Amino acid sequence: MVQLSLPAGSKVNPHGRVHKATGAAVRTFRVYRFDPDSNESPRIDTFEVDTKACGPMVLDALIHIKGRIDSSVTFRRSCREGICGSCAMNINGLNRLACTTAIGDLGAEIRIYPLPHMPVVKDLVPDLTTFYAQYASVEPWLKTRTPAPPDQERLQTKEDQVRIDRPAACILCACCSTACPSYWWNSERYLGPAALLAAYRWIVDSRDEATGERLDQLNDPFKLYRCHTIMNCTDVCPKDLNPAGAIAEIKKKLLERQH
Ligand code: SF4
Ligand code: SF4
Ligand code: FES
């Protein structure tokens, strides 16, 4: 079972409410439930869903459950096409986007939990306050000293653009950071793969003029060097990005700077 940050003194009740369905295409969804306004411990509810009555993705099933079975089931979502990053959750033991995970690719029983090792706001909604603060701490915007050309944008070559192309595609879903054991154990001090990938994106941007300052900021035993190259982050990224590779590149740049 996925490791969750449970409310103090509680344990998960695996036998929550059961909602039955009939039909040839019924699939079983076991969904983590936690309501901070009740005094109950978290529980796992079972929803049987006729998948002919909903779309093909796990998010479609959750929307069906919320709309037709239990309106109190709480989760985040927006774009429904892998762009906003808000529907990240732990599905059958892996952090993934519910909107791009096909029900048909999963086993008979589908287990849905919030992203691991994060405080839970309600049901499948993790508290990402620290995660976003860490992202903000790398100052993810262009920093320059020289004025922009008066009559055009700051230009890049195609090769310069290619260097930031993939890292800039991060959707901040937090699948990577919440799959990282180092982040689980040091999330207050280790920035985690998502924030470090964002830092890398600006470090290698040919237009940015704060590279030294950015590297200084990361040169810290906890912020950066808690990464032990376990690679979970790269394995789970739903956008096929490589935060572990970016972290290794930052370490390399810091090393090169010493010589
Ligand atoms: S490579 Fe680094 S950041 Fe990625 S999961 Fe491993 S320890 Fe975490
Ligand atoms: S690197 Fe990938 S897994 Fe991590 S936040 Fe960005 S898109 Fe999500
Ligand atoms: S709803 Fe936007 S990524 Fe899934």
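Which helix supplies the largest share of the shell around ligand 1? In this predicted model, that share comes from helix 8, which contributes 3 residues. Helix 8, spanning residues 243-257, is joined in this role by helix 4 (181-186) and helix 7 (232-236), each of the three supplying at least two residues of the shell. Of the 14 residues around ligand 1, those that come nearest are Cys-180, Cys-227, Ile-230, Cys-233 and Ala-244. When the shell around ligand 1 is sorted by class, 10 of its residues are nonpolar and 4 are polar, while no charged residue is found there.

The surroundings of ligand 2 comprise 15 residues, and the nearest of these are Cys-170, Cys-173, Cys-176, Ala-194 and Cys-237. Here the largest share of the shell, again given as 3 residues, is provided by helix 5. The class division of the shell around ligand 2 is 13 nonpolar residues, 1 polar residue and 1 charged residue.

Helix 5, which lines ligand 2 in this way, also takes part in several helix pairs. With helix 8, the helix that gives the largest share of the shell around ligand 1, helix 5 packs at an angle of about 55°, the two axes lying 9 Å apart. Helix 5 is therefore oblique to helix 8, and the crossing by which helix 5 passes helix 8 is left-handed. On the side of helix 5, the contact is formed by Pro-193, Ala-194, Leu-196, Leu-197, Ala-199, Tyr-200 and Ile-203, which meet Pro-243, Ala-244, Ala-246, Ile-247, Glu-249, Ile-250 and Lys-253 on the side of helix 8. The residues of this contact divide into 12 nonpolar and 2 charged, with no polar residue among them. Two of the residues named in this contact also appear beside the ligands, since Ala-244 of helix 8 is listed among the nearest residues around ligand 1, and Ala-194 of helix 5 among the nearest around ligand 2.

A further partner of helix 5 (residues 192-203) is helix 6 (residues 211-218), and the axes of these two helices come within 9 Å and cross at roughly 155°. At this angle, helix 5 is roughly antiparallel to helix 6, and helix 5 passes helix 6 in a left-handed crossing. In the contact, Ala-199, Trp-202 and Ile-203 of helix 5 meet Thr-211, Arg-214, Leu-215 and Leu-218 of helix 6. By class, the contact of helix 5 with helix 6 contains 5 nonpolar residues, 1 polar residue and 1 charged residue. Ala-199 and Ile-203, which are named here, are also found in the contact of helix 5 with helix 8.

Helix 2 (residues 129-137) likewise packs against helix 5, with axes that come within 8 Å and cross at roughly 20°. The result of this angle is that helix 2 is roughly parallel to helix 5, and the crossing in which helix 2 passes helix 5 is right-handed. The residues that meet are Gln-134, Tyr-135 and Ser-137 in helix 2 and Gly-192, Ala-194, Ala-195 and Ala-198 in helix 5. The contact of helix 2 with helix 5 has 4 nonpolar and 3 polar residues, and no charged residues.

At the level of the whole protein, the chain is divided into domain 1, covering residues 18-126, and domain 2, covering residues 129-257. The centres of the two domains, taken over C-alpha atoms, are separated by 31 Å. Between the domains, 14 residues of domain 1 are in contact with 10 residues of domain 2. On the side of domain 1 that touches domain 2, the largest share, 4 residues, comes from strand 5 (residues 94-97). The residues of that side of domain 1 divide into 8 nonpolar, 5 polar and 1 charged.

Terms used:
Residues numbered from 1 in each chain as written. Chains lettered and ligands numbered in written order. Predicted model: local features only at pLDDT ≥ 70, side-chain atom pairs only at ≥ 80, totals over all residues. Near = placed C-beta within 6 Å. Nonpolar A, V, L, I, M, F, W, Y, C, P; charged D, E, K, R; others polar. Axes fitted to C-alpha atoms, helices over the stretch in contact; angles between N-to-C directions. Parallel < 35°, antiparallel > 145°, perpendicular 65-115°, else oblique. Left-handed = near helix turned anticlockwise from the far one by under 90°. Contact = placed C-beta atoms within 7 Å. Domains from an automatic or database assignment.
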